[in-house]
Amino acid sequence: MKEIAVTASTGKHDNELIGRTAITLKSVPASGTTVWYNLEKGNKTKSRGSILVNLALSAEKNKHVAVQEHRHLLKLLLMHELESSQVANYWWSGKFSTNAETIRLQHAVQSGLTPFECALSQWSVYATIHEEHPLSFSLFNNILDTVIPPLKCQLYESEDLKTFWEGVKRILPSSFAVLRKLRAKNVSDKQIIKTLCEVLDILNKIKMLEIPTNFELFSPKIYGWIERKPVKECTIDDVIIDAIHTGTKEWLEHIVEANRQNNGTSLDDEDLQYLIRLIQMIRSDLQRAMEYFDKHFHQKVRVSFSTVLYKYYDEKIVDIAKTIVDEVCSHIKRIDVPDDNLEDLPDIDNISMGTTLFELYLVLKRYLDMGKFLFLSVSHITSM
(Lines give C-alpha, C1' and ligand atoms only; values in the text may rest on other atoms or scores of the structure.)
Protein backbone atom coordinates (compact mmCIF):
# COMPACT_ATOMS: atom_id res chain seq x y z
CA MET A 1 0.00 0.00 0.00
CA LYS A 2 1.31 3.44 -0.84
CA GLU A 3 0.64 6.74 0.78
CA ILE A 4 0.58 9.89 -1.31
CA ALA A 5 2.07 12.74 0.69
CA VAL A 6 1.62 16.21 -0.68
CA THR A 7 4.32 18.66 0.30
CA ALA A 8 2.76 22.06 0.70
CA SER A 9 5.96 23.94 -0.05
CA THR A 10 6.96 22.18 -3.26
CA GLY A 11 3.66 20.73 -4.44
CA LYS A 12 5.47 17.50 -5.28
CA HIS A 13 3.99 14.05 -4.69
CA ASP A 14 6.10 11.45 -2.90
CA ASN A 15 4.84 7.89 -3.10
CA GLU A 16 5.73 6.26 0.17
CA LEU A 17 5.05 2.62 0.93
CA ILE A 18 2.84 2.29 4.02
CA GLY A 19 3.10 -1.44 4.43
CA ARG A 20 2.31 -4.83 2.99
CA THR A 21 0.48 -8.01 3.94
CA ALA A 22 0.38 -11.55 2.60
CA ILE A 23 -2.91 -13.19 1.65
CA THR A 24 -2.93 -16.84 0.67
CA LEU A 25 -5.54 -18.12 -1.77
CA LYS A 26 -6.35 -20.95 0.62
CA SER A 27 -7.54 -18.42 3.19
CA VAL A 28 -10.28 -17.12 0.88
CA PRO A 29 -13.46 -19.24 1.26
CA ALA A 30 -15.61 -20.07 -1.72
CA SER A 31 -18.35 -17.74 -0.51
CA GLY A 32 -15.95 -14.80 -0.11
CA THR A 33 -14.88 -12.99 3.03
CA THR A 34 -14.29 -9.57 4.55
CA VAL A 35 -11.22 -9.47 6.83
CA TRP A 36 -8.94 -6.97 8.57
CA TYR A 37 -5.23 -7.47 7.75
CA ASN A 38 -2.28 -5.94 9.62
CA LEU A 39 0.23 -4.03 7.50
CA GLU A 40 3.97 -4.55 7.92
CA LYS A 41 7.03 -2.83 6.46
CA GLY A 42 10.41 -4.47 6.16
CA ASN A 43 11.87 -5.68 9.43
CA LYS A 44 10.13 -3.08 11.52
CA THR A 45 8.11 -4.52 14.37
CA LYS A 46 5.94 -1.47 14.77
CA SER A 47 2.48 -1.91 13.26
CA ARG A 48 1.80 0.13 10.16
CA GLY A 49 -1.95 -0.03 10.65
CA SER A 50 -4.68 -2.31 9.34
CA ILE A 51 -6.73 -2.56 6.19
CA LEU A 52 -10.21 -4.01 5.64
CA VAL A 53 -10.35 -6.14 2.51
CA ASN A 54 -13.36 -7.75 0.82
CA LEU A 55 -12.13 -10.84 -1.04
CA ALA A 56 -13.80 -13.30 -3.37
CA LEU A 57 -12.66 -15.68 -6.07
CA SER A 58 -14.77 -15.67 -9.20
CA ALA A 59 -14.69 -16.43 -12.88
CA GLU A 60 -15.66 -13.70 -15.29
CA LYS A 61 -18.84 -14.57 -17.15
CA ASN A 62 -21.73 -12.92 -18.96
CA LYS A 63 -23.95 -11.25 -16.36
CA HIS A 64 -27.19 -12.31 -18.05
CA VAL A 65 -26.04 -15.93 -18.10
CA ALA A 66 -24.96 -15.72 -14.46
CA VAL A 67 -28.37 -14.39 -13.40
CA GLN A 68 -30.20 -17.14 -15.30
CA GLU A 69 -27.95 -19.77 -13.73
CA HIS A 70 -28.60 -18.33 -10.28
CA ARG A 71 -32.36 -18.40 -10.75
CA HIS A 72 -32.26 -21.99 -11.94
CA LEU A 73 -30.12 -22.90 -8.93
CA LEU A 74 -32.54 -21.16 -6.55
CA LYS A 75 -35.45 -23.07 -8.02
CA LEU A 76 -33.72 -26.43 -7.60
CA LEU A 77 -32.63 -25.64 -4.05
CA LEU A 78 -36.07 -24.43 -2.96
CA MET A 79 -37.96 -27.32 -4.56
CA HIS A 80 -35.65 -29.76 -2.77
CA GLU A 81 -36.09 -27.85 0.49
CA LEU A 82 -39.88 -27.92 0.30
CA GLU A 83 -40.04 -31.60 -0.64
CA SER A 84 -37.46 -32.89 1.82
CA SER A 85 -38.73 -30.88 4.79
CA GLN A 86 -42.45 -31.18 3.98
CA VAL A 87 -42.93 -27.47 4.60
CA ALA A 88 -46.53 -26.36 5.20
CA ASN A 89 -48.18 -23.74 3.01
CA TYR A 90 -47.33 -20.12 3.82
CA TRP A 91 -44.56 -21.25 6.18
CA TRP A 92 -41.20 -21.15 4.37
CA SER A 93 -39.62 -17.75 5.02
CA GLY A 94 -36.29 -17.97 3.20
CA LYS A 95 -34.14 -20.16 5.44
CA PHE A 96 -32.29 -22.87 3.52
CA SER A 97 -30.43 -25.78 5.03
CA THR A 98 -26.76 -25.11 5.76
CA ASN A 99 -25.47 -26.87 2.66
CA ALA A 100 -28.02 -25.25 0.36
CA GLU A 101 -27.26 -21.79 1.75
CA THR A 102 -23.53 -22.35 1.21
CA ILE A 103 -24.11 -23.33 -2.42
CA ARG A 104 -26.37 -20.32 -2.99
CA LEU A 105 -23.90 -17.84 -1.51
CA GLN A 106 -20.96 -19.43 -3.29
CA HIS A 107 -22.63 -19.17 -6.67
CA ALA A 108 -23.66 -15.55 -6.08
CA VAL A 109 -20.13 -14.54 -5.10
CA GLN A 110 -18.37 -16.47 -7.84
CA SER A 111 -20.73 -15.02 -10.43
CA GLY A 112 -20.17 -11.49 -9.17
CA LEU A 113 -23.88 -10.85 -8.55
CA THR A 114 -24.91 -7.71 -6.70
CA PRO A 115 -27.34 -7.78 -3.73
CA PHE A 116 -30.01 -6.34 -6.03
CA GLU A 117 -29.50 -9.05 -8.65
CA CYS A 118 -29.66 -11.76 -6.00
CA ALA A 119 -32.81 -10.28 -4.46
CA LEU A 120 -34.53 -9.86 -7.83
CA SER A 121 -33.68 -13.47 -8.69
CA GLN A 122 -35.21 -14.59 -5.41
CA TRP A 123 -38.29 -12.45 -6.06
CA SER A 124 -38.81 -14.00 -9.49
CA VAL A 125 -38.18 -17.63 -8.50
CA TYR A 126 -40.04 -17.55 -5.19
CA ALA A 127 -43.06 -15.83 -6.76
CA THR A 128 -43.29 -18.56 -9.39
CA ILE A 129 -43.13 -21.33 -6.80
CA HIS A 130 -45.57 -19.41 -4.57
CA GLU A 131 -48.34 -20.07 -7.10
CA GLU A 132 -48.04 -23.83 -6.54
CA HIS A 133 -46.73 -23.96 -2.97
CA PRO A 134 -47.56 -20.74 -1.07
CA LEU A 135 -44.59 -19.29 0.81
CA SER A 136 -44.53 -16.92 3.77
CA PHE A 137 -45.54 -13.34 2.98
CA SER A 138 -42.75 -12.14 5.28
CA LEU A 139 -40.28 -13.58 2.75
CA PHE A 140 -41.57 -11.34 -0.04
CA ASN A 141 -41.91 -8.37 2.28
CA ASN A 142 -38.23 -8.62 3.21
CA ILE A 143 -37.07 -9.03 -0.40
CA LEU A 144 -38.95 -5.86 -1.36
CA ASP A 145 -36.78 -3.85 1.04
CA THR A 146 -33.79 -4.67 -1.18
CA VAL A 147 -35.51 -4.50 -4.56
CA ILE A 148 -37.72 -1.42 -4.29
CA PRO A 149 -35.14 1.39 -3.69
CA PRO A 150 -33.10 0.75 -6.88
CA LEU A 151 -36.27 0.33 -8.92
CA LYS A 152 -37.69 3.59 -7.56
CA CYS A 153 -34.52 5.37 -8.68
CA GLN A 154 -34.75 3.65 -12.07
CA LEU A 155 -31.16 2.52 -11.77
CA TYR A 156 -31.75 -0.72 -13.62
CA GLU A 157 -32.83 -1.80 -17.07
CA SER A 158 -36.37 -2.31 -18.26
CA GLU A 159 -35.81 -6.07 -18.22
CA ASP A 160 -35.41 -5.89 -14.46
CA LEU A 161 -38.66 -3.95 -14.17
CA LYS A 162 -40.43 -6.56 -16.25
CA THR A 163 -39.07 -9.34 -14.04
CA PHE A 164 -40.21 -7.49 -10.94
CA TRP A 165 -43.75 -6.87 -12.17
CA GLU A 166 -44.13 -10.45 -13.39
CA GLY A 167 -43.36 -11.50 -9.83
CA VAL A 168 -45.88 -8.98 -8.49
CA LYS A 169 -48.52 -10.40 -10.80
CA ARG A 170 -47.96 -13.86 -9.34
CA ILE A 171 -48.02 -12.75 -5.70
CA LEU A 172 -51.00 -10.37 -5.67
CA PRO A 173 -53.84 -12.94 -6.02
CA SER A 174 -52.90 -14.67 -2.77
CA SER A 175 -52.33 -11.30 -1.10
CA PHE A 176 -55.82 -10.08 -1.92
CA ALA A 177 -57.21 -13.46 -0.88
CA VAL A 178 -56.00 -12.68 2.65
CA LEU A 179 -58.08 -9.49 2.66
CA ARG A 180 -61.11 -11.36 1.37
CA LYS A 181 -60.84 -14.20 3.90
CA LEU A 182 -60.16 -12.21 7.08
CA ARG A 183 -63.24 -13.71 8.72
CA ALA A 184 -62.13 -17.28 8.04
CA LYS A 185 -60.00 -17.39 11.19
CA ASN A 186 -60.47 -16.30 14.76
CA VAL A 187 -58.73 -13.03 15.58
CA SER A 188 -57.29 -14.69 18.69
CA ASP A 189 -54.95 -16.45 16.26
CA LYS A 190 -52.01 -14.04 16.22
CA GLN A 191 -50.84 -15.46 12.90
CA ILE A 192 -53.77 -13.90 11.04
CA ILE A 193 -52.84 -10.42 12.29
CA LYS A 194 -49.17 -11.00 11.42
CA THR A 195 -50.08 -12.24 7.95
CA LEU A 196 -52.39 -9.27 7.38
CA CYS A 197 -49.64 -6.83 8.34
CA GLU A 198 -47.16 -8.51 5.98
CA VAL A 199 -49.67 -8.39 3.11
CA LEU A 200 -50.51 -4.73 3.72
CA ASP A 201 -46.79 -3.90 3.82
CA ILE A 202 -46.29 -5.69 0.50
CA LEU A 203 -49.17 -3.83 -1.13
CA ASN A 204 -47.97 -0.49 0.20
CA LYS A 205 -44.43 -1.02 -1.09
CA ILE A 206 -45.55 -2.22 -4.50
CA LYS A 207 -47.88 0.70 -5.10
CA MET A 208 -44.93 3.07 -4.67
CA LEU A 209 -43.89 2.08 -8.18
CA GLU A 210 -45.73 3.03 -11.31
CA ILE A 211 -47.20 0.11 -13.22
CA PRO A 212 -45.47 -0.12 -16.63
CA THR A 213 -47.45 0.94 -19.65
CA ASN A 214 -49.27 -1.89 -21.43
CA PHE A 215 -48.63 -4.27 -18.52
CA GLU A 216 -51.77 -6.16 -17.49
CA LEU A 217 -51.47 -6.50 -13.73
CA PHE A 218 -55.10 -7.43 -13.06
CA SER A 219 -56.44 -10.03 -15.44
CA PRO A 220 -60.26 -10.33 -15.62
CA LYS A 221 -59.88 -14.12 -15.60
CA ILE A 222 -58.20 -14.06 -12.19
CA TYR A 223 -59.94 -11.03 -10.71
CA GLY A 224 -63.50 -11.77 -11.75
CA TRP A 225 -64.66 -10.60 -8.32
CA ILE A 226 -63.55 -7.00 -8.90
CA GLU A 227 -66.64 -4.81 -9.02
CA ARG A 228 -65.38 -1.83 -10.98
CA LYS A 229 -64.79 -2.06 -14.71
CA PRO A 230 -62.65 -2.23 -16.72
CA VAL A 231 -60.53 -4.42 -14.46
CA LYS A 232 -57.36 -3.74 -16.44
CA GLU A 233 -57.42 -0.06 -15.45
CA CYS A 234 -57.68 -0.67 -11.70
CA THR A 235 -54.99 0.49 -9.31
CA ILE A 236 -53.81 -1.45 -6.28
CA ASP A 237 -55.80 0.91 -4.05
CA ASP A 238 -58.93 0.16 -6.09
CA VAL A 239 -58.47 -3.58 -5.73
CA ILE A 240 -57.85 -3.30 -1.98
CA ILE A 241 -61.29 -1.72 -1.59
CA ASP A 242 -62.93 -4.26 -3.89
CA ALA A 243 -61.27 -7.13 -2.00
CA ILE A 244 -62.78 -5.79 1.23
CA HIS A 245 -66.17 -5.44 -0.46
CA THR A 246 -66.03 -8.96 -1.88
CA GLY A 247 -65.10 -10.51 1.45
CA THR A 248 -67.91 -8.59 3.14
CA LYS A 249 -70.39 -9.59 0.45
CA GLU A 250 -69.51 -13.28 0.80
CA TRP A 251 -69.82 -13.14 4.58
CA LEU A 252 -73.12 -11.24 4.44
CA GLU A 253 -74.57 -13.79 2.03
CA HIS A 254 -73.46 -16.53 4.41
CA ILE A 255 -75.15 -15.08 7.50
CA VAL A 256 -78.29 -14.14 5.54
CA GLU A 257 -78.63 -17.71 4.31
CA ALA A 258 -77.79 -19.21 7.71
CA ASN A 259 -80.47 -17.18 9.50
CA ARG A 260 -83.19 -17.43 6.88
CA GLN A 261 -86.29 -19.49 7.66
CA ASN A 262 -85.81 -22.97 6.20
CA ASN A 263 -89.48 -23.69 5.50
CA GLY A 264 -89.79 -20.83 3.06
CA THR A 265 -92.65 -19.27 5.01
CA SER A 266 -92.41 -17.16 8.14
CA LEU A 267 -94.54 -15.03 10.40
CA ASP A 268 -94.08 -11.29 10.55
CA ASP A 269 -92.59 -11.50 14.03
CA GLU A 270 -90.09 -14.11 12.84
CA ASP A 271 -89.05 -11.85 9.97
CA LEU A 272 -88.41 -9.01 12.39
CA GLN A 273 -86.42 -11.25 14.74
CA TYR A 274 -84.39 -12.44 11.76
CA LEU A 275 -83.64 -8.82 10.82
CA ILE A 276 -82.65 -7.98 14.39
CA ARG A 277 -80.22 -10.92 14.52
CA LEU A 278 -78.77 -9.91 11.17
CA ILE A 279 -78.08 -6.33 12.25
CA GLN A 280 -76.58 -7.49 15.55
CA MET A 281 -74.18 -9.79 13.69
CA ILE A 282 -73.22 -6.94 11.37
CA ARG A 283 -72.54 -4.69 14.37
CA SER A 284 -70.36 -7.42 15.85
CA ASP A 285 -68.40 -7.65 12.61
CA LEU A 286 -67.89 -3.88 12.59
CA GLN A 287 -66.79 -3.95 16.22
CA ARG A 288 -64.29 -6.69 15.39
CA ALA A 289 -62.96 -4.62 12.49
CA MET A 290 -62.52 -1.56 14.70
CA GLU A 291 -60.73 -3.45 17.46
CA TYR A 292 -58.38 -5.66 15.47
CA PHE A 293 -57.92 -4.45 11.90
CA ASP A 294 -58.52 -0.70 11.62
CA LYS A 295 -55.16 0.46 12.95
CA HIS A 296 -53.21 -1.84 10.63
CA PHE A 297 -55.12 -0.80 7.52
CA HIS A 298 -54.75 2.87 8.38
CA GLN A 299 -51.05 2.73 9.27
CA LYS A 300 -49.99 0.71 6.26
CA VAL A 301 -52.31 1.57 3.35
CA ARG A 302 -54.23 4.59 4.70
CA VAL A 303 -57.61 2.86 4.48
CA SER A 304 -60.32 3.00 7.15
CA PHE A 305 -61.31 -0.65 7.08
CA SER A 306 -64.38 -0.38 9.31
CA THR A 307 -65.66 2.67 7.41
CA VAL A 308 -65.47 0.77 4.13
CA LEU A 309 -67.42 -2.05 5.78
CA TYR A 310 -70.03 0.30 7.21
CA LYS A 311 -70.72 1.97 3.87
CA TYR A 312 -71.19 -1.41 2.24
CA TYR A 313 -73.41 -2.76 5.01
CA ASP A 314 -75.48 0.42 5.15
CA GLU A 315 -76.63 0.05 1.57
CA LYS A 316 -77.48 -3.63 2.00
CA ILE A 317 -79.31 -3.15 5.31
CA VAL A 318 -81.52 -0.49 3.76
CA ASP A 319 -82.60 -2.90 1.03
CA ILE A 320 -83.21 -5.83 3.38
CA ALA A 321 -84.85 -3.88 6.21
CA LYS A 322 -87.14 -1.78 4.02
CA THR A 323 -88.61 -4.84 2.33
CA ILE A 324 -89.33 -6.64 5.60
CA VAL A 325 -90.57 -3.60 7.54
CA ASP A 326 -92.88 -2.50 4.73
CA GLU A 327 -94.35 -5.99 4.55
CA VAL A 328 -94.84 -6.24 8.31
CA CYS A 329 -96.36 -2.79 8.65
CA SER A 330 -98.86 -3.53 5.90
CA HIS A 331 -100.26 -6.32 8.09
CA ILE A 332 -100.61 -4.28 11.26
CA LYS A 333 -104.13 -3.13 12.03
CA ARG A 334 -105.29 -0.31 14.21
CA ILE A 335 -105.91 -1.34 17.81
CA ASP A 336 -108.97 -0.01 19.58
CA VAL A 337 -108.21 0.02 23.28
CA PRO A 338 -111.42 -0.48 25.33
CA ASP A 339 -112.35 1.98 28.04
CA ASP A 340 -113.04 -0.83 30.47
CA ASN A 341 -109.75 -1.98 31.98
CA LEU A 342 -111.23 -5.40 32.66
CA GLU A 343 -112.02 -6.03 29.03
CA ASP A 344 -109.46 -8.05 27.02
CA LEU A 345 -107.48 -6.37 24.28
CA PRO A 346 -108.86 -7.27 20.87
CA ASP A 347 -105.59 -8.24 19.11
CA ILE A 348 -102.61 -9.16 21.27
CA ASP A 349 -100.54 -10.15 18.19
CA ASN A 350 -100.50 -6.58 16.92
CA ILE A 351 -99.26 -5.36 20.29
CA SER A 352 -96.43 -7.93 20.27
CA MET A 353 -95.59 -6.90 16.73
CA GLY A 354 -95.33 -3.28 17.79
CA THR A 355 -92.96 -4.26 20.59
CA THR A 356 -90.72 -6.16 18.17
CA LEU A 357 -90.75 -3.23 15.76
CA PHE A 358 -89.60 -0.97 18.58
CA GLU A 359 -86.82 -3.44 19.41
CA LEU A 360 -85.76 -3.31 15.76
CA TYR A 361 -85.77 0.48 15.93
CA LEU A 362 -83.39 0.41 18.91
CA VAL A 363 -81.04 -2.01 17.14
CA LEU A 364 -81.00 0.18 14.03
CA LYS A 365 -80.38 3.26 16.16
CA ARG A 366 -77.35 1.64 17.80
CA TYR A 367 -76.10 0.70 14.36
CA LEU A 368 -76.53 4.30 13.18
CA ASP A 369 -74.73 5.62 16.26
CA MET A 370 -71.81 3.33 15.49
CA GLY A 371 -71.67 4.77 11.98
CA LYS A 372 -71.61 8.33 13.29
CA PHE A 373 -68.76 7.42 15.62
CA LEU A 374 -66.82 5.81 12.77
CA PHE A 375 -67.11 8.78 10.44
CA LEU A 376 -66.27 11.19 13.26
CA SER A 377 -63.15 9.17 14.04
CA VAL A 378 -62.10 9.11 10.39
CA SER A 379 -62.59 12.88 10.08
CA HIS A 380 -60.45 13.41 13.17
CA ILE A 381 -57.65 11.17 11.88
CA THR A 382 -57.73 12.79 8.44
CA SER A 383 -57.43 16.28 9.89
CA MET A 384 -54.39 15.36 11.98
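K181 has a relative accessibility of 44% and therefore counts as partly exposed. In this predicted model, K181 belongs to a network of salt bridges with shared partners that also takes in R180 and E250. The contact between K181 and E250 has its closest N and O atoms 3.5 Å apart. This pair links distant parts of the chain, since K181 sits in the loop between α5 and α6 (190–206) and E250 in helix α7, 69 residues apart. In the salt bridge between E250 and R180, the closest N and O atoms are 2.8 Å apart. Because R180 lies in helix α5 and E250 in helix α7 (residues 236–259), this second pair ties together parts that are 70 residues apart in sequence. The three members of the network do not share one state of exposure: R180, at 18% relative accessibility, counts as buried, whereas E250 is partly exposed, with a relative accessible area of 29%, as is K181 at 44%. In total, the structure holds 12 salt bridges.

The chain contains 10 helices and four strands. Along the sequence, the four strands precede the helices, in the pattern β-β-β-β-α-α-α-α-α-α-α-α-α-α. Of the 384 residues in the chain, 40% are buried. Among contacts with a separation of 6 or more, 65% are made by residues 24 or more positions apart. The accessible area of the chain is about 23,100 Å², of which carbon and sulfur atoms supply 53%.

Helix α2 comprises the 13 residues 98–110. At 1.5 Å a residue a span of 18 Å is expected, and the end C-alpha atoms are 18 Å apart, so the two values agree. The buried residues of α2 are A100, R104, H107 and A108. These residues cover an arc of only 100 degrees around the axis and therefore lie on the same side of α2. Their cover includes α1 (63–85) and α3 (115–130). The face turned away from this buried side carries the exposed residues T98 and N99. Just after α2, G112 takes a positive phi of about 70 degrees.

One of the buried residues of α2, R104, also takes part in a salt bridge with E101, with an N to O distance of 2.7 Å. Both residues lie in helix α2, three residues apart, or about one turn of the helix. An α-helix has 3.6 residues a turn, so residues three or four places apart point the same way. R104 counts as buried because its relative accessibility is 11%, while E101 is partly exposed at 23%. For these assignments the cut-off for buried is under 20% relative accessible area.

Helix α5 (residues 158–180) also contains S175. With a relative accessibility of 0%, S175 counts as buried. Apart from neighbours within four places in sequence, S175 is in contact with F137, V199 and L203.

On the surface, F358, Y361 and L362 form a nonpolar patch, with about 300 Å² of accessible area together. Within this patch, Y361 is found in helix α10 (residues 348–383). The relative accessibility of Y361 is 45%, which means that Y361 counts as partly exposed.

Methods. Residues numbered from 1 in each chain as written. Predicted model: local features only at pLDDT ≥ 70, side-chain atom pairs only at ≥ 80, totals over all residues. Heavy atoms only, no water. Helix = DSSP H or I, 4+ residues; strand = E, 2+ residues; numbered from the N terminus. Expected span 1.5 Å × (residues − 1). Buried < 20%, exposed > 50% of the residue type's maximum accessible area, 1.4 Å probe, protein only. Arc of directions from axis to C-beta. Contact = heavy atoms within 4.5 Å. Patch = residues over 30% accessible without salt bridge, like charges linked within 9 Å, V, L, I, M, F, W, Y side chains within 5 Å. Areas by Shrake-Rupley, 256 points an atom, 1.4 Å probe, with all protein chains shown as cover. Salt bridge = Lys/Arg side-chain N within 4 Å of Asp/Glu carboxyl O.
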